[in-house]
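I opened the notebook to record what I looked up, one place at a time. The entries are short and in the order I made them.

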Amino acid sequence: MVTHAPEDAYTAAPFLPDHGGLTALRKAAADCRGCPLHRNATQTVFGAGAENARVMLVGEQPGDQEDRQGSPFVGPAGKLLDRALNEAGIDPSEAYITNAVKHFKFTQAEPRKRRIHKAPTLREMSACGPWLAAELALVEPELIVVLGATAGKALLGSSFRVTQVRGTVLDREIHGRAERVVATVHPSSVLRAEDREGAYRGLVSDLRVAARALL
Ligand code: URA
C-alpha cells in the first residue's frame, strides 16, 4: 500500500542544504519532494539573479513556459513585468526574481491539452516557504517587491490584501528580519484586465514607488 504524508506534514525543510549559498540551494531544490506539486511539474523553477541583488521580486508560481524552461518569469507575464520594471527605472537584470511556490500547479482536461494554471493552496505555499526564506537570508535584499496576492500571503500572512497596501513602502518583519516591502498586482492580472492599459499604468506606478525606495 502506498502511503502519503498528511497535507499538514508538507514541508521543503528536510531538503534544504545547510551551506553552499544560492548554488547549493538551487541544486537541492531540483530534488525537492516536500509537497506533491513536483509530481506533475516538469522541474523545479528556482529563483534567478545575483546573490547581491538590491531588490527581490516575488511572484506566485511558475507558469507553463517557466515550467518548460526552468526559469522564473520567462513567459508572457515576465515579458510584461520586464517592460514595466524598465519603465519604472528598475533594471530587471539587476533584480533577483523568484516565486512563492517553485513548482507549476495546473489542471489539464486531457493529456496534450493546454495546462491551465491553478492557484497553490496555503499548505503548498507554506511547504515551499523554507526555500523563499533561505533565498531571502542569502540575498538580503534592500527591498522586496511582492507581485500579487499569493506572494503577499506567503510573506505577509493570510490577511494580506494587495488592494489595501499596493504602492506603499511597508516595514515588516519577515522570517525574523526587518524588511521593506512594496506590493503590487501580479503581472498576469494586467494581461487579463479589461482595462489593460489602466492596469499596466497601475503596475508601473507601484514599481516607481519601489524604484524610489531604492535610491
Ligand atoms: N507567474 C509567476 O508568478 N511566476 C512566474 O515565474 C511566471 C508567471
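**Entry 1: A41**

I looked up A41 and found it in the loop between α1 (21–29) and β1. The model is a predicted one, and I keep that in mind for every value below. Is A41 buried or exposed? A41 has a relative accessibility of 11%. Buried means under 20% relative accessible area, so A41 counts as buried.

Next I asked which residues A41 touches, leaving aside its neighbours within four places in sequence. I noted D67, H103, F104 and F106. D67 is 26 residues away from A41 along the chain, and I read 6.8 Å between the two C-alpha atoms.

**Entry 2: K105**

I went on to K105, in the loop between β2 (96–99) and β3. K105 also has a relative accessible area of 11% and is buried. Not counting residues up to four places away in sequence, K105 touches L37, Q61, I116, H117, K118, A119, P120, T121 and E124.

I then looked at the polar side of two of these. With which side chain does K105 make a polar contact of 2.9 Å? The partner is the side chain of E124. The side chain of K105 also reaches the backbone oxygen of A119, at 3.4 Å.

I checked one long stretch of sequence as well. K105 and P36 are 69 residues apart along the chain, and their C-alpha atoms are separated by 9.7 Å.

**Entry 3: G129**

I found G129 in helix α4. Its relative accessibility is 17%, so G129 counts as buried. From G129 to A13 I counted along 116 residues of chain, while the C-alpha atoms of the two are separated by 8.5 Å.

**Entry 4: helix α5**

I took helix α5, residues 149–156, and asked which of its residues are buried. They are T150, A151, G152 and L155. I then looked up what these buried residues pack against: β1 (55–59), α4 (122–139), β5 (143–147) and β6 (169–174). The helix I met in the G129 entry, α4, is thus on this list.

After α5 comes G157, and I noted that its phi is positive, near 105°.

**Entry 5: two positive phi values outside glycine**

Most residues other than glycine have a negative phi. I therefore wrote down two residues that depart from this, R112 and H175.

R112 is not a glycine, yet its phi is positive, about 75°. I located R112 in the loop between β3 (106–107) and β4 (116–117). Is R112 buried or exposed? R112 counts as exposed, at 84% relative accessibility.

H175 is not a glycine either, and its positive phi is about 50°. H175 is found in the loop between β6 and β7 (177–184). The relative accessible area of H175 is 52%. The cut-off for exposed is over 50%, so H175 is exposed.

**Entry 6: D206**

I looked up D206 in helix α8, residues 196–213. D206 is buried, with a relative accessible area of 6%. I wanted to know which side chain makes a polar contact with the side chain of D206. The side chain of R166 does, at 2.8 Å.

Leaving aside neighbours within four places in sequence, I listed the contacts of D206 as R166, G167, V182, A183, T184 and V185.

**Entry 7: the ligand**

Last, I asked which residues are around the ligand. I listed G59, E60, Q61, P62, G63, E66, P72, F73, N99 and H186. Q61 was already in my notes as one of the residues that K105 touches.

I then read three distances between polar atoms. A polar backbone atom of E60 is 2.8 Å from an oxygen atom of the ligand. A polar backbone atom of Q61 is 3.0 Å from a nitrogen atom of the ligand. For N99 a polar side-chain atom is involved, 2.7 Å from a nitrogen atom of the ligand. How much of the ligand does the protein bury? Taken alone, the ligand exposes 230 Å², and the protein buries 94% of that.

I closed with the pocket: the space taken by the ligand is the largest one.

Note on methods. Residues numbered from 1 in each chain as written. Predicted model: local features only at pLDDT ≥ 70, side-chain atom pairs only at ≥ 80, totals over all residues. Heavy atoms only, no water. Buried < 20%, exposed > 50% of the residue type's maximum accessible area, 1.4 Å probe, protein only. Helix = DSSP H or I, 4+ residues; strand = E, 2+ residues; numbered from the N terminus. Contact = heavy atoms within 4.5 Å. Near = heavy atom within 4 Å. Polar contact = N/O pair within 3.5 Å; in protein donor to acceptor, adjacent residues only side chain to side chain. Areas by Shrake-Rupley, 256 points an atom, 1.4 Å probe, with all protein chains shown as cover. 1 Å grid on protein atoms, 1.4 Å probe; cavity = no way out; pocket = protein on both sides within 12 Å on 5 of 7 lines; lining within 4 Å. Sits in = over half its atoms within 2 Å of the grid points.
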